[in-house]
Amino acid sequence: MIPTLAHTTLVLTHDGSHSLRNETTGEHYHSIFGAYTESVHVFVDAGLKSLLSPPNNIRLLEVGVGTGLNLLLAAQFAAQQNTSIVYSGLEPYPIDPEVQNMLNYGGFVGRDLFASYATSYPKLLAGECWKTPLFEANIVQKALLDFESDRAFDLIFYDAFSPSSQADMWDEASIAKVASLLAPGGVLVTYCIRGYIRRQFIALGLQAEKLAGPPGKREMMRITKPKHV
Ligand SMILES: C[S@@+](CC[C@H](N)C(=O)[O-])C[C@H]1O[C@@H](n2cnc3c(N)ncnc32)[C@H](O)[C@@H]1O
């Protein structure tokens, strides 16, 4: 289990965007080849853009909010595509508001959007929603296995730490849990593509695709839940 965030360091990745490194595990929150580039590739291009005829209210779940980079990209996508998104993010170990403020994501998603999020972040941690005209976010400070939801999700960003540093996020219980949160026809995207993880989704009746990965990674994975399972 990843400990709290007492020991995180700000790092600059190869595309100029920030990430964080957990000093206890040595694990980065994003690819050092480019945090922004990786997030756009895996979560926007292979995730949000893959939803065919997106429903007007995309129900989006992120497992591991971390720096909020994917949340911000989803908010930017909603505005650019004129599509509304309702985002729920799970984060049992939220980053400190001071660290949130130091991230340079304004230069990537727009200064106003970033400033609005960073200013509202403490309120989000206190249970309030953050809203833009087409995007609504809430953060649930719970671990995946403790999260209960009465609605299923059209899209899941599965952005846990890698199996080598947090194996329990990729074991049978976690994969079954996240699969159960997907709506029929729903899509899950993750940067991680190990054979045993792919086979766990397939054993649950879901479809797994290998896609080209972001810089520094050969492949990534997209999972689709059939409409009738
Ligand atoms: C790879 S980092 C996340 C990156 C994040 N999406 C971002 O853009 O910064 C993994 C995140 O998962 C969170 N996490 C750890 N255990 C978790 C759990 N059991 N359930 C949900 N999230 C968890 C960590 O605290 C961390 O923020």
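## A walk through the sheet and its ligand shell

The chain holds seven helices and 10 strands, where helices (H or I, at least four residues) and strands (E, at least two) are DSSP runs numbered from the N terminus. This is a predicted model, in which local features need pLDDT of at least 70 and side-chain atom pairs count only at pLDDT 80 or more, while totals for chains, interfaces and linings use all residues. Residues are numbered from 1 along each chain as its sequence is written.

Let us start with confidence. The average pLDDT of the chain is 94, and 96% of the residues score at least 70; pLDDT is the predictor's confidence in each residue, from 0 to 100. Over residues 1–5 the pLDDT stays under 50, and there the model has 11 contacts beyond four places in sequence (a contact means C-beta atoms, placed from the backbone, within 7 Å).

As for overall dimensions, the C-alpha trace spans about 45 × 40 × 30 Å along its principal axes. The radius of gyration is 16 Å, which agrees with the value near 17 Å for a compact globule of 229 residues; the radius is taken over C-alpha atoms, and the globule rule is 2.2 Å times the number of residues to the power 0.38.

Now to the sheet. Eight strands form an open, mixed sheet in the order S5-S6-S4-S3-S7-S8-S10-S9, with pairing meaning that DSSP finds at least two bridges between two strands. Its edges are S5 (130–132) and S9 (207–212), each of which pairs on one side only. From one strand to the next, the twist averages 20° (axes are lines fitted to C-alpha atoms, for helices over the stretch in contact, and angles run from 0 to 180 degrees between N-to-C directions). Helix H2 (residues 69–81) packs on this sheet, touching S3, S4, S5, S6 and S7, and its direction makes about 175° with that of S4.

Follow the sheet to the S9 edge, and you meet strand S10 (residues 219–224), joined to S9 by six bridges in an antiparallel run. Here Lys-210 stands opposite Met-221, and Gln-207 stands opposite Thr-224. The hairpin of S9 and S10 has six residues between the strands, and Gly-216 takes a positive phi near 90°. S10 is also joined to S8 (residues 182–190), by four bridges and again antiparallel, with Val-189 opposite Arg-222.

Finally, the ligand. It is surrounded by 17 residues, the closest being Gly-64, Gly-66, Thr-67, Ala-143 and Asp-159; a residue is near if its C-beta atom, placed from the backbone, lies within 6 Å. The shell divides into 11 nonpolar, four polar and two charged residues, where Ala, Val, Leu, Ile, Met, Phe, Trp, Tyr, Cys and Pro count as nonpolar, Asp, Glu, Lys and Arg as charged, and the others, Gly among them, as polar.

Terms used: Two residues are in contact if their C-beta atoms, placed from the backbone, lie within 7 Å.
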